Amino acid sequence: MTTTAIPAAKQQAAATPRRRPKREREGAAWVFLSPWVLGASVLTLLPMAVSLYLSFTDYNLFDPPRWIGLRNYTQMFTEDPRYWRSVVTTVTYVVIAVPLQLALALVVALALKSMKRGKAFYRSAFYAPSLLGASMSIALVWRAVFNDGGTVDHLFGTGGWVNRPGWALLAVALLTVWQFGAPMVIFLAGLQQIPAELYEAAAVDGAGRWRQFLSVTVPMLSPVLFFNLVLQTIQAFQVFTPAFAVSAGKGGPADSTLVYTMYLYDRGFVASHMGYASAMAWVLLLVIGVVTAVLFRTSRSWVFYASEGDR
(Lines give C-alpha, C1' and ligand atoms only; values in the text may rest on other atoms or scores of the structure.)
Protein backbone atom coordinates (compact mmCIF):
# COMPACT_ATOMS: atom_id res chain seq x y z
CA MET A 1 0.00 0.00 0.00
CA THR A 2 1.41 3.34 -1.00
CA THR A 3 0.67 6.77 0.46
CA THR A 4 0.92 10.07 -1.29
CA ALA A 5 2.66 12.84 0.66
CA ILE A 6 0.78 16.15 0.69
CA PRO A 7 3.07 19.12 0.03
CA ALA A 8 3.64 21.42 3.02
CA ALA A 9 2.40 24.46 1.08
CA LYS A 10 -0.92 22.75 0.34
CA GLN A 11 -1.28 21.71 4.00
CA GLN A 12 -0.72 25.31 5.15
CA ALA A 13 -3.21 26.62 2.57
CA ALA A 14 -5.82 24.12 3.74
CA ALA A 15 -5.27 25.05 7.40
CA THR A 16 -5.47 28.81 6.76
CA PRO A 17 -9.09 30.07 6.56
CA ARG A 18 -9.99 31.72 3.28
CA ARG A 19 -10.16 35.50 3.54
CA ARG A 20 -13.32 37.02 2.23
CA PRO A 21 -13.00 39.42 -0.69
CA LYS A 22 -12.68 43.10 0.23
CA ARG A 23 -15.98 43.99 -1.42
CA GLU A 24 -17.79 41.30 0.59
CA ARG A 25 -16.26 42.57 3.85
CA GLU A 26 -17.28 46.15 3.07
CA GLY A 27 -20.79 44.98 2.26
CA ALA A 28 -21.10 43.29 5.65
CA ALA A 29 -19.84 46.45 7.37
CA TRP A 30 -22.46 48.58 5.61
CA VAL A 31 -25.19 46.15 6.65
CA PHE A 32 -24.30 46.64 10.31
CA LEU A 33 -23.86 50.42 9.84
CA SER A 34 -27.10 50.87 7.93
CA PRO A 35 -29.36 51.51 10.99
CA TRP A 36 -27.08 54.34 12.16
CA VAL A 37 -26.63 55.74 8.64
CA LEU A 38 -30.39 55.65 8.04
CA GLY A 39 -31.14 57.28 11.39
CA ALA A 40 -28.49 59.97 10.93
CA SER A 41 -29.70 60.74 7.42
CA VAL A 42 -33.43 60.82 8.12
CA LEU A 43 -33.40 62.27 11.63
CA THR A 44 -30.37 64.60 11.49
CA LEU A 45 -28.96 65.44 8.07
CA LEU A 46 -32.27 65.82 6.23
CA PRO A 47 -33.84 68.08 8.90
CA MET A 48 -30.66 70.17 8.95
CA ALA A 49 -30.81 70.60 5.17
CA VAL A 50 -34.48 71.60 5.36
CA SER A 51 -33.73 74.02 8.19
CA LEU A 52 -30.91 75.60 6.18
CA TYR A 53 -33.26 76.11 3.24
CA LEU A 54 -36.00 77.56 5.47
CA SER A 55 -33.52 80.05 6.94
CA PHE A 56 -33.53 81.81 3.57
CA THR A 57 -37.32 81.88 3.29
CA ASP A 58 -40.37 83.51 4.82
CA TYR A 59 -42.27 80.55 6.25
CA ASN A 60 -45.17 80.69 8.72
CA LEU A 61 -45.90 76.92 9.05
CA PHE A 62 -49.13 77.27 7.04
CA ASP A 63 -48.26 78.78 3.66
CA PRO A 64 -45.55 77.52 1.27
CA PRO A 65 -42.08 78.94 1.97
CA ARG A 66 -41.23 82.11 0.05
CA TRP A 67 -37.56 82.71 -0.83
CA ILE A 68 -36.22 85.99 0.60
CA GLY A 69 -32.47 85.38 0.57
CA LEU A 70 -30.52 86.89 3.46
CA ARG A 71 -33.43 88.96 4.76
CA ASN A 72 -33.82 86.89 7.95
CA TYR A 73 -30.14 87.31 8.80
CA THR A 74 -30.02 91.03 8.13
CA GLN A 75 -33.18 91.56 10.17
CA MET A 76 -31.71 89.51 12.99
CA PHE A 77 -28.48 91.48 13.22
CA THR A 78 -29.72 94.99 12.42
CA GLU A 79 -33.42 95.33 13.18
CA ASP A 80 -34.24 93.10 16.17
CA PRO A 81 -33.22 94.48 19.60
CA ARG A 82 -34.78 91.49 21.41
CA TYR A 83 -32.45 89.20 19.51
CA TRP A 84 -29.41 90.99 20.91
CA ARG A 85 -30.94 90.98 24.40
CA SER A 86 -31.29 87.21 24.12
CA VAL A 87 -27.63 86.96 23.04
CA VAL A 88 -26.44 89.03 26.01
CA THR A 89 -28.65 87.06 28.40
CA THR A 90 -27.34 83.74 27.09
CA VAL A 91 -23.69 84.78 27.28
CA THR A 92 -24.23 86.07 30.82
CA TYR A 93 -25.86 82.80 31.77
CA VAL A 94 -22.97 80.76 30.34
CA VAL A 95 -20.38 82.89 32.14
CA ILE A 96 -22.20 82.46 35.46
CA ALA A 97 -23.44 78.87 35.30
CA VAL A 98 -20.54 76.96 33.75
CA PRO A 99 -17.71 78.06 36.11
CA LEU A 100 -19.91 77.69 39.21
CA GLN A 101 -21.08 74.24 38.15
CA LEU A 102 -17.57 72.98 37.39
CA ALA A 103 -16.15 74.44 40.61
CA LEU A 104 -18.86 72.80 42.73
CA ALA A 105 -18.44 69.50 40.88
CA LEU A 106 -14.67 69.53 41.48
CA VAL A 107 -15.04 70.39 45.19
CA VAL A 108 -17.53 67.57 45.74
CA ALA A 109 -15.36 65.14 43.74
CA LEU A 110 -12.35 66.00 45.91
CA ALA A 111 -14.45 65.43 49.04
CA LEU A 112 -15.72 62.07 47.77
CA LYS A 113 -12.22 60.94 46.84
CA SER A 114 -11.03 61.36 50.42
CA MET A 115 -14.03 59.56 51.93
CA LYS A 116 -13.50 56.13 53.45
CA ARG A 117 -17.12 55.06 53.89
CA GLY A 118 -20.33 55.66 52.01
CA LYS A 119 -18.64 56.85 48.83
CA ALA A 120 -21.03 54.94 46.56
CA PHE A 121 -24.10 56.27 48.37
CA TYR A 122 -23.02 59.91 48.28
CA ARG A 123 -21.88 59.62 44.68
CA SER A 124 -25.35 58.39 43.70
CA ALA A 125 -27.04 61.05 45.84
CA PHE A 126 -25.06 63.88 44.28
CA TYR A 127 -25.61 62.48 40.80
CA ALA A 128 -29.40 62.28 41.21
CA PRO A 129 -30.07 66.00 40.43
CA SER A 130 -28.50 65.53 37.00
CA LEU A 131 -31.18 62.95 36.23
CA LEU A 132 -34.05 65.04 37.62
CA GLY A 133 -33.02 68.62 36.96
CA ALA A 134 -33.82 68.71 33.25
CA SER A 135 -37.49 67.86 33.84
CA MET A 136 -40.19 70.51 33.75
CA SER A 137 -41.55 69.40 37.12
CA ILE A 138 -38.28 70.15 38.93
CA ALA A 139 -38.02 73.50 37.15
CA LEU A 140 -41.52 74.41 38.36
CA VAL A 141 -40.55 73.47 41.91
CA TRP A 142 -37.48 75.66 41.52
CA ARG A 143 -39.72 78.53 40.43
CA ALA A 144 -41.86 78.05 43.55
CA VAL A 145 -38.76 78.07 45.76
CA PHE A 146 -37.54 81.40 44.33
CA ASN A 147 -40.97 83.01 43.92
CA ASP A 148 -42.56 85.62 46.19
CA GLY A 149 -43.34 83.93 49.50
CA GLY A 150 -41.14 80.96 48.60
CA THR A 151 -38.39 79.30 50.59
CA VAL A 152 -35.69 81.80 49.61
CA ASP A 153 -37.96 84.73 50.47
CA HIS A 154 -38.73 83.27 53.92
CA LEU A 155 -35.08 82.50 54.70
CA PHE A 156 -33.41 85.68 53.46
CA GLY A 157 -36.26 88.17 53.10
CA THR A 158 -35.01 89.20 49.65
CA GLY A 159 -38.33 88.77 47.90
CA GLY A 160 -38.98 86.52 44.95
CA TRP A 161 -35.94 86.26 42.71
CA VAL A 162 -37.97 85.22 39.66
CA ASN A 163 -39.83 88.55 39.76
CA ARG A 164 -36.72 90.74 39.99
CA PRO A 165 -34.81 91.49 36.76
CA GLY A 166 -31.45 91.53 38.52
CA TRP A 167 -31.94 88.15 40.19
CA ALA A 168 -34.10 86.03 37.88
CA LEU A 169 -31.24 84.88 35.65
CA LEU A 170 -29.21 83.91 38.72
CA ALA A 171 -32.09 81.67 39.85
CA VAL A 172 -32.00 79.97 36.45
CA ALA A 173 -28.22 79.58 36.63
CA LEU A 174 -28.42 78.04 40.11
CA LEU A 175 -30.74 75.36 38.78
CA THR A 176 -28.04 74.41 36.29
CA VAL A 177 -25.34 74.55 38.97
CA TRP A 178 -27.46 72.19 41.10
CA GLN A 179 -27.18 69.62 38.30
CA PHE A 180 -23.44 69.12 38.84
CA GLY A 181 -23.61 65.32 39.12
CA ALA A 182 -22.39 64.41 35.63
CA PRO A 183 -19.19 66.52 35.67
CA MET A 184 -18.64 65.45 39.30
CA VAL A 185 -18.56 61.76 38.32
CA ILE A 186 -16.11 62.53 35.50
CA PHE A 187 -13.90 64.56 37.85
CA LEU A 188 -13.96 61.72 40.39
CA ALA A 189 -12.87 59.21 37.75
CA GLY A 190 -10.03 61.53 36.76
CA LEU A 191 -8.91 62.05 40.35
CA GLN A 192 -8.73 58.32 40.93
CA GLN A 193 -6.30 57.98 38.00
CA ILE A 194 -3.72 60.37 39.49
CA PRO A 195 -0.82 58.30 40.91
CA ALA A 196 -0.45 58.57 44.69
CA GLU A 197 3.32 58.72 44.23
CA LEU A 198 3.03 62.25 42.89
CA TYR A 199 1.39 63.47 46.08
CA GLU A 200 3.97 61.61 48.18
CA ALA A 201 6.82 63.21 46.26
CA ALA A 202 5.23 66.65 46.63
CA ALA A 203 4.78 66.09 50.38
CA VAL A 204 8.45 65.10 50.72
CA ASP A 205 9.38 68.38 49.00
CA GLY A 206 7.38 70.24 51.64
CA ALA A 207 4.28 71.03 49.56
CA GLY A 208 1.10 71.58 51.52
CA ARG A 209 -2.43 70.66 50.51
CA TRP A 210 -2.98 73.82 48.49
CA ARG A 211 0.38 73.55 46.70
CA GLN A 212 -0.32 69.87 45.93
CA PHE A 213 -3.66 70.85 44.47
CA LEU A 214 -2.13 73.51 42.21
CA SER A 215 1.01 71.61 41.23
CA VAL A 216 -0.27 68.04 41.02
CA THR A 217 -4.07 67.83 40.91
CA VAL A 218 -4.81 70.65 38.47
CA PRO A 219 -2.18 69.72 35.83
CA MET A 220 -2.99 66.01 35.98
CA LEU A 221 -6.73 66.73 35.89
CA SER A 222 -6.54 69.34 33.11
CA PRO A 223 -7.66 66.95 30.29
CA VAL A 224 -10.75 66.01 32.33
CA LEU A 225 -11.37 69.66 33.19
CA PHE A 226 -11.12 70.56 29.51
CA PHE A 227 -13.59 67.82 28.57
CA ASN A 228 -16.11 68.99 31.16
CA LEU A 229 -15.63 72.62 30.15
CA VAL A 230 -16.38 71.93 26.48
CA LEU A 231 -19.35 69.69 27.26
CA GLN A 232 -20.99 72.02 29.78
CA THR A 233 -20.38 75.11 27.64
CA ILE A 234 -22.15 73.54 24.68
CA GLN A 235 -25.07 72.51 26.88
CA ALA A 236 -25.27 75.95 28.50
CA PHE A 237 -25.64 77.71 25.16
CA GLN A 238 -28.66 75.48 24.49
CA VAL A 239 -30.42 76.03 27.83
CA PHE A 240 -34.20 76.14 27.52
CA THR A 241 -36.26 74.25 30.11
CA PRO A 242 -35.06 76.06 33.29
CA ALA A 243 -35.52 79.54 31.77
CA PHE A 244 -38.86 78.62 30.24
CA ALA A 245 -40.25 77.24 33.51
CA VAL A 246 -38.86 79.92 35.82
CA SER A 247 -40.17 82.74 33.61
CA ALA A 248 -43.48 80.97 32.84
CA GLY A 249 -42.52 80.91 29.18
CA LYS A 250 -42.26 84.70 28.84
CA GLY A 251 -38.55 85.36 29.39
CA GLY A 252 -39.36 87.95 32.03
CA PRO A 253 -39.19 90.01 34.01
CA ALA A 254 -38.05 92.61 31.47
CA ASP A 255 -36.52 89.92 29.24
CA SER A 256 -33.98 89.14 31.96
CA THR A 257 -34.34 85.37 31.39
CA LEU A 258 -34.92 85.52 27.63
CA VAL A 259 -32.19 83.10 26.62
CA TYR A 260 -31.43 82.42 22.97
CA THR A 261 -33.33 79.16 22.59
CA MET A 262 -36.43 80.62 24.26
CA TYR A 263 -36.48 83.51 21.81
CA LEU A 264 -35.96 81.02 18.98
CA TYR A 265 -38.98 79.08 20.26
CA ASP A 266 -40.99 82.28 20.49
CA ARG A 267 -40.19 83.30 16.91
CA GLY A 268 -40.78 79.84 15.46
CA PHE A 269 -43.77 78.43 17.32
CA VAL A 270 -45.47 81.43 18.93
CA ALA A 271 -45.06 84.06 16.20
CA SER A 272 -44.98 81.39 13.42
CA HIS A 273 -41.85 82.88 11.84
CA MET A 274 -40.20 79.53 11.21
CA GLY A 275 -37.80 80.88 8.59
CA TYR A 276 -36.48 83.43 11.09
CA ALA A 277 -36.21 80.75 13.78
CA SER A 278 -34.27 78.51 11.39
CA ALA A 279 -31.82 81.33 10.73
CA MET A 280 -31.40 81.78 14.49
CA ALA A 281 -30.73 78.07 14.88
CA TRP A 282 -27.95 78.13 12.29
CA VAL A 283 -26.34 81.16 13.88
CA LEU A 284 -26.38 79.34 17.22
CA LEU A 285 -24.77 76.29 15.61
CA LEU A 286 -22.00 78.43 14.12
CA VAL A 287 -21.40 80.27 17.41
CA ILE A 288 -21.13 76.99 19.35
CA GLY A 289 -18.71 75.70 16.72
CA VAL A 290 -16.55 78.83 16.99
CA VAL A 291 -16.55 78.76 20.80
CA THR A 292 -15.60 75.07 20.78
CA ALA A 293 -12.79 75.73 18.30
CA VAL A 294 -11.47 78.57 20.49
CA LEU A 295 -11.50 76.29 23.54
CA PHE A 296 -9.57 73.63 21.65
CA ARG A 297 -7.10 76.22 20.39
CA THR A 298 -6.44 77.74 23.80
CA SER A 299 -6.23 74.32 25.47
CA ARG A 300 -2.70 73.93 24.12
CA SER A 301 -1.45 76.38 26.73
CA TRP A 302 -3.11 74.89 29.83
CA VAL A 303 -4.05 71.25 29.15
CA PHE A 304 -1.24 68.82 29.97
CA TYR A 305 -1.05 65.20 28.89
CA ALA A 306 1.15 62.32 29.97
CA SER A 307 3.35 62.76 26.90
CA GLU A 308 3.57 65.15 23.98
CA GLY A 309 2.59 62.29 21.66
CA ASP A 310 -0.88 62.17 23.26
CA ARG A 311 -1.79 65.67 22.14
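A salt bridge here is a side-chain nitrogen of Lys or Arg within 4 Å of a carboxyl oxygen of Asp or Glu. The whole structure contains five salt bridges by that rule. The model is predicted, so local features need pLDDT of at least 70, side-chain atom pairs count only at pLDDT 80 or more, and totals for chains, interfaces and linings use all residues. Residues are numbered from 1 along each chain as its sequence is written, and side-chain values use heavy atoms, with hydrogens and water left out.

## Overall build

The chain has 14 helices and two strands. These elements are DSSP runs, numbered from the N terminus: helices are H or I with at least four residues, strands are E with at least two. Of the 311 residues in the chain, 35% are buried. Buried means under 20% relative accessible area, exposed means over 50%, and partly exposed lies in between (1.4 Å probe, protein chains only).

The accessible surface comes to about 18,900 Å², and carbon and sulfur atoms hold 66% of that surface. Areas come from the Shrake-Rupley method with a 1.4 Å probe; for residues, only the protein chains shown count as cover. A contact means heavy atoms within 4.5 Å. Among contacts between residues at least 6 apart in sequence, 67% join residues at least 24 apart.

## Salt bridges

Three of the pairs are set out here.

| Pair | Closest N to O distance |
|---|---|
| Arg66 and Asp58 | 3.0 Å |
| Asp255 and Arg85 | 3.2 Å |
| Arg267 and Asp266 | 3.0 Å |

Arg82, Arg85 and Asp255 form one network, through salt bridges that share partners. Take the pair of Asp255 and Arg85, with its 3.2 Å between the closest N and O atoms. Asp255 sits in the loop between helix 12 and helix 13 (260-270), and Arg85 sits in helix 4, so the pair ties together parts that are 170 residues apart in sequence. Asp255 is buried, at 15% relative accessible area. Arg85 is partly exposed, at 38%. Asp58, the partner of Arg66, is also partly exposed, with a relative accessible area of 35%.

## Two pockets

A pocket is found on a 1 Å grid over the protein atoms alone. In full, a cavity is a set of points where a 1.4 Å probe fits but cannot get out, while a pocket is an open set with protein on both sides within 12 Å along at least five of seven lines; lining residues have an atom within 4 Å of a point. Grid points are joined across faces, edges and corners, and a volume is the space filled by probe spheres set on the points.

The largest pocket has a volume of about 460 Å³. Helix 4 (81-113) and helix 11 (209-237) each supply at least two of its lining residues. Helix 11 gives the most, with five. The lining includes Lys113, Lys116, Arg209, Trp210 and Phe213. By class, the lining has six nonpolar, three polar and three charged residues. Ala, Val, Leu, Ile, Met, Phe, Trp, Tyr, Cys and Pro count as nonpolar, Asp, Glu, Lys and Arg as charged, and the others, Gly among them, as polar.

The second largest pocket holds about 350 Å³. Its lining has 18 residues, and Gln101, Thr176, Gln179, Gln232 and Gln235 lie nearest the centre. Helix 4, helix 9 (181-192), helix 11 and helix 12 (241-246) each supply at least two lining residues. This lining has eleven nonpolar and seven polar residues, but no charged ones.

Gln232 belongs to helix 11. Gln232 is buried, at 7% relative accessibility. Beyond four places in sequence, Gln232 touches Val98, Gln101, Leu102 and Pro183.

## Loop residues

Thr257 is in the loop between helix 12 and helix 13. Thr257 is buried, with a relative accessible area of 0%. Its contacts beyond four places in sequence include Thr89, Ala168, Val172, Ala243 and Met262.

Tyr59 is in the loop between strand 1 (57-58) and strand 2 (66-67), and Leu61 also lies between strand 1 and strand 2. Tyr59 and Ser272 are 213 residues apart along the chain, with 7.7 Å between their C-alpha atoms. For Leu61 and Met274, 213 residues apart in sequence, the C-alpha separation is 6.6 Å. Beyond four places in sequence, Tyr59 contacts residues including Ser272, His273, Met274 and Gly275. Leu61 touches Gly268, Ser272 and Met274 beyond that same range. Leu61 is partly exposed, at 35% relative accessible area.
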